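Colleague: I am new to this structure, and I would like to understand the words used for it. Could you show it to me and take me through them?

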Amino acid sequence: MNHINPLLHIRDLHVAYGKAAALHGIDLDIALGEIVALIGANGAGKSTTLRAISGLLKPTSGSITWEGKNITGWSADLVVAQGIAHCPEERHIWPAMTVKENLMLGGFLCRSHVEVEDRIGMAFHRFPRLRERQKQLAGTLSGGEQQMLAIARALMSEPRLLLLDEPSLGLSPKMADEVFEVVREINAHGVTVMVVEQNVYNALSVASRAYVVETGRITTSDDAARLLKDPEVLNAYLGA
Amino acid sequence: MDLFLQFLANGLVTGTFYALSALGLTLIFGLMRVVNFAHGEFYMLGGVLGWFVTSHLGLDFFSGLIVVAAIMAAFGWLVDRVLIERVRGQGEEPGILLTIGLSIFLANSALLLAGTAPHKIEGPLPNAPVFLGPVVLTEMRIFAVAVCAALILGAHLLIKKTKLGRAMRATFQDPMAAQLAGIKTARVYASTFALGSILAASAGMLLGAIYSTQVTIGGIVSLKAFVVVILGGMGSFGGAIVGGLVLGVAEALWGGYVSTGMVDIVGFIIVILTLIFKPYGLFSARAERV
């Protein structure tokens with residue numbers, strides 16, 4: 001990892017839901033151009049970490065630094081304006097709006113109508129199925145198509161960092177492979193990716209590095225390839 | 001037959017007003033999940049303010065309508081930011097109690113300031129009769145229907161075609177996803193409340209020019225707006241329009257053929273029948289909430 005130029009730099013991050021603490025001091029760094037996976041069991045705090053970064057949750061303490069700027073506690077609309085897009089768990093597309101409207105709203109912060117249309121054109125180029133279905137209500141799409149739409153929508157803000165939460169959830173293995181293929185392709189186009197997955201093998205096969213989260217703490221961080229070969233880690237932390 | 005056509009025309013005219021008034025209510029409910037019991041008082045404020053700016057400040061009807069719309073937009077915005085914001089996301093009951101309290105406060109404040117007497121707003125057109133075949137209407141009524149229709153169309157285009165409208169629908173369907181797209185959802189809620197207030201107040205001022213405006217009118221207006229919204233389906237735009245017209249025509253026919261004294265009973269009958277046979281209304285927006 002390039003320590004000289006961390007894109008995102010998190011130190012001692014604590015987050016609580018009411019009085020129940022969910023994160024007990026997370027440290028992590030992401031460098032430009034990486035794909036980093038956050039893996040761990042259900043309820044370990046993976047999604048909470050993403051939600052704190054994107055501004056959906058306010059940390060109780062600690063710091064989140066983005067390109068040298070302290071963005072701790074910023075609201076979600078300010079964070080996305082900084083170039084961090086969060087594609088949430090369970091997709092959260094707008095079901096009663098058309099595919100195209102979903103994409104248009106993904107580019108909500110872009111003032112230029114022409115620019116938004118350009119970006120939609122790029123999304124259709126990347127996901128031809130969405131072009132075919134652009135006038136359909138998003139709620140009528142299949143699970144895999146909805147996931148593609150959710151990713152395409154997140155990319156509409158032209159982020160430099162994409163936070164992907166459980167992109168393969170509820171998808172067939174074949175569809176999941178397609179999604180991870182898309183993640184590689186997005187990364188090849190210069191977008192740094194942080195992906196949360198319960199499916200460890202998928203996550204570690206797409207990522208270069210991974211952090212293992214256990215009950216609100218990072219317990220291990222290593223190269224993905226090395227973690228993938230470490231049965232002890234997989235057994236101990238993931239029940240795989 | 002001629003009499004029937006006359007009743008039908010009267011009913012459609014009244015129904016347009018009901019539709020406009022109910023639209024504000026259904027918008028706030030449908031987009032924000034807030035059951036606004038102060039809706040009738042917003043309508044009343046539109047009428048009373050309209051009377052004040054035209055008769056006391058000497059504005060003509062159109063300038064008056066614009067001023068009233070601006071004041072009520074600001075008022076609706078503030079009510080949302082200062083009051084509704086505090087109970088957001090806590091279910092429907094706190095919002096209901098809050099708006100009931102607000103309605104009592106507004107009605108009694110208006111009573112204190114404007115008194116109990118009905119006030120007539122000077123309309124831009126005379127109440128001269130217009131003959132359309134066997135049907136007689138007045139110029140002012142036709143004009144008011146046209147303004148209502150324009151406002152309804154304007155609200156429809158705002159919601160369906162503009163960026164703000166898309167942000168409103170997105171916030172309603174999934175507020176978290178809206179935040180992640182960069183939408184300031186608090187502003188969207190306040191804008192929706194402001195829009196609902198404008199629609200209610202405009203209906204109040206238009207009706208004040210045809211009949212009169214009274215500070216105690218709020219209760220019955222809320223009631224009829226609820227009838228329309230239940231009939232049309234909570235949160236449904238088209239439902240509010242059809243529901244409004246159905247209520248208007250049903251009341252006109254009942255008043256014409258049965259009894260003028262008991263016209264308000266029609267609304268209750270409609271609500272009971274709707275709840276028995278189509279509990280989610282004619283055009284329920286439920287299907288949208290997957």
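Modeller: Happy to; we will go through the terms one by one.

Modeller: This is a predicted model, in which local features need pLDDT of at least 70, side-chain atom pairs count only at pLDDT 80 or more, and totals for chains, interfaces and linings use all residues. Residues are numbered from 1 along each chain as its sequence is written, while chains are lettered from A and ligands numbered from 1 in the order in which they are written.

Colleague: How many helices and strands does chain A have?

Modeller: Chain A has 10 helices and 10 strands. Both are DSSP runs numbered from the N terminus, with at least four residues (H or I) for a helix and at least two (E) for a strand.

Colleague: Why is chain A called as compact as a globular protein of that length?

Modeller: The globule rule is 2.2 Å times the number of residues to the power 0.38, and the radius of gyration is taken over C-alpha atoms. For 240 residues the rule gives 18 Å, and chain A has 17 Å, which is close, so the description fits.

Colleague: What share of chain A is buried?

Modeller: Buried residues are 48% of the 240 in chain A; the term asks for 20 or more other C-beta atoms within 10 Å of a residue's own, with C-beta atoms placed from the backbone.

Colleague: Why is helix 5 of chain B called roughly perpendicular to helix 6 of chain B?

Modeller: The axes of helix 5 (residues 139-161) and helix 6 (residues 163-173) of chain B cross at roughly 70° and come within 5 Å. Axes are lines fitted to C-alpha atoms, for helices over the stretch in contact, and angles run from 0 to 180 degrees between N-to-C directions. Roughly perpendicular covers 65 to 115 degrees, so the pair earns the name.

Colleague: Which residues make that contact in helix 5 and helix 6 of chain B?

Modeller: Helix 5 of chain B brings L158(B), I159(B), K160(B) and K161(B), and helix 6 of chain B brings L164(B), G165(B), M168(B) and R169(B). Contact here means C-beta atoms, placed from the backbone, within 7 Å.

Colleague: What makes strand 2 of chain A an edge strand?

Modeller: Two strands pair if DSSP finds at least two bridges between them. Strand 2 (20-31) of chain A pairs on one side only, as does strand 5 (69-70) of chain A. The open sheet has four strands in the order 2-1-4-5, with antiparallel pairing. Strand 1 (residues 6-17) and strand 2 of chain A share nine bridges, and D29(A) in strand 2 is the bridge partner of H9(A).

Conventions: A residue is buried if 20 or more other C-beta atoms lie within 10 Å of its own, exposed if 12 or fewer, and partly exposed in between; C-beta atoms are placed from the backbone. Angles under 35 degrees count as roughly parallel, over 145 as roughly antiparallel, 65 to 115 as roughly perpendicular and the rest as oblique. Two residues are in contact if their C-beta atoms, placed from the backbone, lie within 7 Å.
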